[in-house]
Every structure is written in C-alpha cells, then in structure tokens.
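I sat down today with a fresh notebook page and a list of things to look up. The plan was simple: helix packing to begin with, then salt bridges.

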Amino acid sequence: MKIKPQKKYIKIFLILQVFVFINACRPASEKIYNEAYNEIEKGHFRVAANFLEKSAELELNNSTKNKYLLEAARIIRFEIQDYERAIRVYRKIILNSQEENKRISAQKAIAEIYLENLFNYNKALKELQILEPLIKNTNDKEKIKLKIVLTQYLTGNFNQALEEINTALLSAKDEILNFLKMKAQVLVAQKKYKEAIAIYLEIFSRDAKYFESENLFIATSVVYEENEEYAEALQYLVKHKAQIKDKSYYELRYKRLKERLVNKPFYKGKRK
C-alpha cells in the first residue's frame, strides 16, 4: 500500500523529532567527548585535550570519567608532550578512579615520565617505589624492580642498588640476566673491577647469545682496561673479535689498547 504524501511527511517529521529528542538526551560530557575526537582527526591536539578534560569534569559515571582522563593524559603526554600537565591528569585518575587497573596504569605512566622524559631520577625512584607493591604479575614486578635499580644507579645510590639487586636475584625468574648486568655496571661505578668481571663472566656462562646481543664483550674488555690490565683487555678483545658486531669500534679499542701497552708506564694513573 502506498503512503499518501501527507502521511509520508508526518512520518519523516516524527522520525526527525525522535532523533532530536535522543540527541538532546545525550549527556553533555558525551557531546564534548565527540567534539574532542573531531579535533583529534584535524590534528588539533591541545583543543582535543581540553575537551577531554572538560568532558571528564561533566561525566558522572566514574569509569567513563577516568576513561576520558586517561585519553586526555595520553594525548598530553605523547602528542603535546606537556609532561607536567600529563602528570597532573594522571594524579587525578589515581585519586578518583574506582578501578585498580586505571590507578596502576596512571601510576606507571607518572614513573615513566619522570624517568624517561623529565630525567628526574629522584622523583622517578619515589614513584616506582609506590608502584612496585601494587604490581601482582611476577614478570611486571621484576621489570619495575629493574627500573628501581636503574634509578638508584643513576642517582649514585650504589649500595642501595646492589642491595636491591641481590634481594631480587633470590626470587627472579625472567630478568636474572638483566639484574646481573646491572650488578656489573654498579660494581664498575664503585671501581670494583674484579668483581664486575666475575659477574660478566657469569652472564656469559649462563647465556652467550644474550651476552653478545648486549655487546658485553666490549664492556668486559673495558673493565679490564679500567683495572689497568691492558694485556688482558687486548687478549679478551681479540679472542672475541668475531662476536663483536661493531668492527669500527673494535678497531678503535684495539688501537687504543695497543698504544696503552706500549706506553703503559706513562699512562698508569692518568685519566683517559
């Protein structure tokens, strides 16, 4: 049966009315959220971040509110690179979110920003120490502990770093080699060269492929050199020439060690 023109227009009018009604009932937060994504498509990230924060302010549902904040923080961190502002947004999530995974994600992001973007190692250490007890996954926890050790190393807290490493090694499963590598680096910083070499040799005995991929043949040779064992450093370098990928660096180290052997009495005790 054909619809008469008048009835047809009434039907279209009613559909439009329903559409307008539904649109009017949409929360203001959702409308602003959609505006934010229109701005993202245009590459207007600052405007988008402002909209996302505004939509979070208006949103009543806690999960949705913090979803908006997480998206705002991500844009501020990676697109705008306003790290201090990103930290402020992440802290809002930690304080207000009812979902543990969102709070942990925000805490992890803050620690990463201080460590990798702001290079504020003291604050990074503090945030990582807050984060570590919250992590349940064993592998993730080991990775956080590694970052704690790294920040302790970078801030010159060598004894604390060694203590943390030795404790971690008692239970570590996935990151044993990385903990041992960090231990060797800390021992070198403390000028405990013999102990550092022993750790490097232990790593090699555990996993030669890892040793090669981390370029630890060069590192071990350098430690011999730091300990003024130039003949041993040169011998070790030559022995593992095939495993050293950076041949130009190998040649540089080789030449340097040959010179040091020739002039050893004059170089002893001097800075490189």
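A note to myself before starting: a crossing is left-handed if the near helix is turned anticlockwise from the far one by less than a right angle, and right-handed if clockwise. I also keep in mind that this is a predicted model.

**Entry: helix 4 and helix 6**

I looked up the hand of the crossing of helix 4 and helix 6, and it is left-handed. Helix 4 covers residues 62–80 and helix 6 residues 100–117; their axes are 11 Å apart and the packing angle is about 15°. An angle under 35 degrees counts as roughly parallel, so that is what helix 4 is to helix 6.

Next I checked which residues meet. Helix 4 brings Ser 63, Asn 66, Lys 67, Leu 70 and Arg 77, while helix 6 offers Lys 102, Ser 105, Ala 109, Glu 112, Ile 113 and Asn 117. Sorted by class, this contact has 3 nonpolar, 4 polar and 4 charged residues.

**Entry: helix 13 and helix 14**

Here I found the axes of helix 13 (residues 216–226) and helix 14 (residues 230–239) coming within 7 Å and crossing at roughly 165°. The two helices are therefore roughly antiparallel. This crossing is left-handed too.

From helix 13, the contact uses Phe 217, Ile 218, Thr 220, Ser 221, Tyr 224 and Glu 225; from helix 14, it uses Tyr 230, Glu 232, Ala 233, Tyr 236 and Leu 237. I sorted these as well and got 7 nonpolar, 2 polar and 2 charged residues.

**Entry: salt bridges**

How many salt bridges does a search of the whole structure find? The search gives 18, and I followed up on some of them.

Glu 225, noted above in helix 13, pairs with Arg 253 at 2.0 Å, N to O. Arg 253 sits in helix 15 (residues 247–262), so the pair ties together parts that are 28 residues apart in sequence. Are these two partners buried or exposed? Both Arg 253 and Glu 225 are buried.

Lys 102 forms a salt bridge with Glu 99 at 2.9 Å, N to O. Lys 102 is buried at 12% relative accessible area, whereas Glu 99 is partly exposed at 24%.

Glu 112 meets Lys 147 in a salt bridge of 3.8 Å, N to O. Lys 147 belongs to helix 8 (residues 138–154) and Glu 112 to helix 6, with their positions 35 residues apart in the chain. I have Glu 112 down as buried, at 17%, and Lys 147 as partly exposed, at 24%.

Definitions and conventions. Residues are numbered from 1 along each chain as its sequence is written. This is a predicted model: local features need pLDDT of at least 70, side-chain atom pairs count only at pLDDT 80 or more; totals for chains, interfaces and linings use all residues. Side-chain values use heavy atoms; hydrogens and water are left out. Axes are lines fitted to C-alpha atoms, for helices over the stretch in contact, and angles run from 0 to 180 degrees between N-to-C directions. Helices (H or I, at least four residues) and strands (E, at least two) are DSSP runs, numbered from the N terminus. Angles under 35 degrees count as roughly parallel, over 145 as roughly antiparallel, 65 to 115 as roughly perpendicular and the rest as oblique. Contact means heavy atoms within 4.5 Å. Ala, Val, Leu, Ile, Met, Phe, Trp, Tyr, Cys and Pro count as nonpolar, Asp, Glu, Lys and Arg as charged, and the others, Gly among them, as polar. A salt bridge is a side-chain nitrogen of Lys or Arg within 4 Å of a carboxyl oxygen of Asp or Glu. Buried means under 20% relative accessible area, exposed over 50%, partly exposed in between (1.4 Å probe, protein chains only).
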